[in-house]
Amino acid sequence: MIRRSRSLLVPFAVVATLGLSACSTADAPAGSSSPSSSSSADTEVSGSITVFAAASLQKTFTTLGKQFETANPGASIRFSFAGSSDLVTQIQNGAPADVFASADEANMAKLASTDLASGSPRDFATNVLEIAVAPGNPKGITDLDDLTAPGVQLVTCAAPVPCGAATAEVESASGVDLEPVSEEQSVTDVLGKVESGQADAGLVYVTDVRGAGGKVDGVPFDESGKAVNTYPIGVLRESQDPALAQAFSEYVRSAAGQRVLASAGFGKP
């Protein structure tokens, strides 16, 4: 089965600065239905934070950042999107960040093990892999086995990247030995290779296919359920504004945040 993607996801890591403001306050009640109801009536959050987030979260977190700023006057959320493993390295090397949202639990655990995370990270979403192919699926790819056919140029994520670790899991579950022509440092780089025609197929997340704006088609495969990635979010110990960082983290997990994530194709944690 081929699924046509619906909305655009920029295929590379970026830093985005968002700057909207309106009126509201801080902590989100679980049943909130709008940005303005996502904050406690007793606390107003303001200030500026930087959120390091997995590349696969670029579109959804940009939307969530705008909504949060609209709900909280004076709050500014900046983002840096890249492969989770690269972001961990940057944080370990002293890059200033207040919140980290990872595409897997393993990379979040690296920060916790070095005492760089503050408190316990919380899961907020799940994701699974899908095969991205050119529109119309000219190579006729229907499953993982087809990715090993002669002449099929396959691109995957590198092993340290969450989508690379998930790829290894589905290889093990299926018994298929994939031989990619390149291994990329983020899932958006993989998607970009397929979109540009540099590859015939790539293993990306369901959400990446959905967000590609018709530039790729998606081919689901049975073994994807063997490698479900869980996404955690946490405040970093060196945050310059832990109250605002915590408020944004809670907003991501609120009802309003979960609606945005679900519309992009993410599963519940």
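Helices (H or I, at least four residues) and strands (E, at least two) are DSSP runs, numbered from the N terminus. The model is predicted: local features need pLDDT of at least 70, side-chain atom pairs count only at pLDDT 80 or more, and totals for chains, interfaces and linings use all residues. Residues are numbered from 1 along each chain as its sequence is written, and side-chain values use heavy atoms, without hydrogens and water.

Select first the loop between helix 3 (105-113) and strand 6 (117-127), where Asp115 is placed. Asp115 has a phi near 65 degrees, a positive value in a residue other than glycine. Most residues other than glycine have a negative phi. With 48% relative accessibility, Asp115 is partly exposed (between buried, under 20% relative accessible area, and exposed, over 50%; 1.4 Å probe, protein chains only).

Proceed to Asn137, in the loop between strand 7 (129-133) and strand 8 (154-157). Asn137 also shows a positive phi, of about 50 degrees. Asn137 is buried, at a relative accessible area of 8%.

Next, display the largest nonpolar core (buried Ala, Val, Leu, Ile, Met, Phe, Trp, Tyr and Cys residues joined through side-chain atoms within 4.5 Å). Among its 65 residues, Leu57, Phe61, Phe124 and Ile131 touch the most other members. Helix 7 gives the most to this core, with six residues.

Centre the view on Leu57. Beyond its neighbours within four places in sequence, Leu57 is in contact (heavy atoms within 4.5 Å) with residues including Phe81, Phe124 and Phe266.

Finally, select helix 7 (residues 242-253), whose buried residues include Leu244, Phe248 and Tyr251.

Key
Expected span 1.5 Å × (residues − 1).
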